[in-house]
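Grab a coffee and work through these exercises with the viewer open. Try each task yourself before you read the solution under it.

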Amino acid sequence: GSTTSSDPYCAVTLLDAGRDIHDNQQQGTHKKKTLRSKTVPKNVNPIWRQQFMFEVHDVSMAQVCFEVFDDDFNLKSDELLGRVSVPLAQLVNSEGFVDLPLEDGSNPLQRGRIRTHAHLGHL
C-alpha cells in the first residue's frame, strides 16, 4: 500500500471462550473463527456493508476482534492498518451502530475507526 491510498479489508475474529462438554474438569476452551471482508480498492474510507455470522456459546465470555489490513495483492504480507478488540456483549447490548477506534496500526498518525453493530439470533 501507500500513504495516500489503501486497498483495505477487514478480518473479523470471534474468540468464544465457551466450555468444552468433553472436558471433565470444566476448564474453558477457546474457539476462534475468522472471516474476511471483501477488499475495497484504492480507498481510505471503505464501506463494506457485509454481514458475518458466528456461532456463539457464551455471549458474556466472547470477544470480537476487527483487524483492518492493506491488501498488497501479491506475495508481500498485507500491512496492518489498525485493530480493535471488544467484548461481544458490548456490541449486542448497544442500540444501533458502535464506533470503535482502531489501534496498533503501522502509522499512528492515520488511525481510523470501525463502525459496526451486532445482534443475536437463533439457529
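How many bridges join strand 1 to strand 2, and in which direction do the two run? Keep in mind that you're looking at a predicted model.

**Solution.** Six bridges join strand 1 to strand 2, and the two run antiparallel. For one rung of that ladder, find D16: the bridge partner of D16 in strand 2 is K31.

**Exercise 2. Work out the order of the strands in the open sheet, and find its edges.**

Step 1. Go to the other neighbour of strand 1. Strand 1 covers residues 8–16 and strand 3 covers residues 63–70; eight bridges join them, again antiparallel.

Step 2. Check two rungs here as well. L15 sits opposite Q63 of strand 3, and Y9 has F69 as its bridge partner in strand 3.

Step 3. Put the sheet together. The open sheet has four strands in the order 2-1-3-4, with antiparallel pairing. Strand 2 (31–36) and strand 4 (79–87) are the edges, since each of them pairs on one side only. On average, neighbouring strands in this sheet are turned by 15° against each other, direction ignored.

Step 4. Now set the sheet in the whole chain. You should count one helix and six strands, and from the N terminus on they come as β-β-β-β-α-β-β.

**Exercise 3. Decide whether strand 1 is enclosed or open to solvent, and compare with the chain total.**

Step 1. Go residue by residue, taking under 20% relative accessible area as buried. Eight of the nine residues of strand 1 pass, so strand 1 is largely enclosed by the rest of the structure.

Step 2. Look at two examples. Y9 has 8% relative accessibility, so it's buried; C10, at 4%, is buried too.

Step 3. Do the chain total. Of the 123 residues in the chain, 32% are buried.

**Exercise 4. Find the aromatic pair and say how its rings are arranged.**

Step 1. Count the pairs: there is one.

Step 2. Get the geometry. The ring centres of Y9 and F69 are 5.5 Å apart and the planes meet at 25°; planes under 30 degrees apart count as stacked, so that's what this pair is.

Step 3. Ask what the pair connects. Y9 belongs to strand 1 and F69 to strand 3, so the pair ties together parts that are 60 residues apart in sequence.

Step 4. Check burial and neighbours. F69 has 17% relative accessibility, so it counts as buried. There's also a charge to spot: R36 lies over the face of Y9, at 3.6 Å from the ring centre.

**Exercise 5. Why is there no bond between C10 and C65?**

Step 1. Recall the chemistry: a disulfide is a covalent bond between the sulfur atoms of two cysteines.

Step 2. Take the distance. The closest cysteine sulfur to that of C10 is in C65, 8.5 Å away, and that's too far for a bond. The cut-off to hold it against is 2.5 Å.

Step 3. Tally up. The structure has zero disulfides. As for its surroundings, C65 is buried at 16% relative accessibility.

**Exercise 6. Hunt for residues that are far apart in sequence but lie within 10 Å in space.** Use D72 and Q51 as starting points.

Step 1. Start with D72, in the loop between strand 3 and strand 4. D72 is buried, with a relative accessible area of 14%. D7 is 65 residues away along the chain, yet the C-alpha atoms of the two are separated by 7.4 Å.

Step 2. Move to Q51, in the loop between strand 2 and strand 3. Q51 is exposed at 77% relative accessible area. Q51 and A118 are 67 residues apart in sequence, with 9.2 Å from C-alpha to C-alpha.

Step 3. Step back to the whole chain. Among contacts with a separation of 6 or more, 52% are between residues 24 or more positions apart.

**Exercise 7. Which residues in the loop between strand 2 and strand 3 have a positive phi without being glycine?**

Step 1. Scan the backbone angles. K42 has a phi near 45°, and R49 also has a phi near 45°; neither residue is a glycine.

Step 2. Place them. K42 lies in the loop between strand 2 and strand 3, and R49 is found there too.

Step 3. Buried or exposed? K42 is exposed, with a relative accessible area of 70%, and R49 is exposed at 76%.

Note on methods. Residues are numbered from 1 along each chain as its sequence is written. This is a predicted model: local features need pLDDT of at least 70, side-chain atom pairs count only at pLDDT 80 or more; totals for chains, interfaces and linings use all residues. Side-chain values use heavy atoms; hydrogens and water are left out. Two strands pair if DSSP finds at least two bridges between them. Axes are lines fitted to C-alpha atoms, for helices over the stretch in contact, and angles run from 0 to 180 degrees between N-to-C directions. Buried means under 20% relative accessible area, exposed over 50%, partly exposed in between (1.4 Å probe, protein chains only). Rings of Phe, Tyr and Trp (its six-membered ring) pair if their centres lie within 6.5 Å; planes under 30 degrees apart count as stacked, over 60 as edge-to-face and the rest as tilted. A charge sits over a ring if NZ of Lys or CZ of Arg is within 6 Å of the ring centre and within 35 degrees of the ring normal. Contact means heavy atoms within 4.5 Å.
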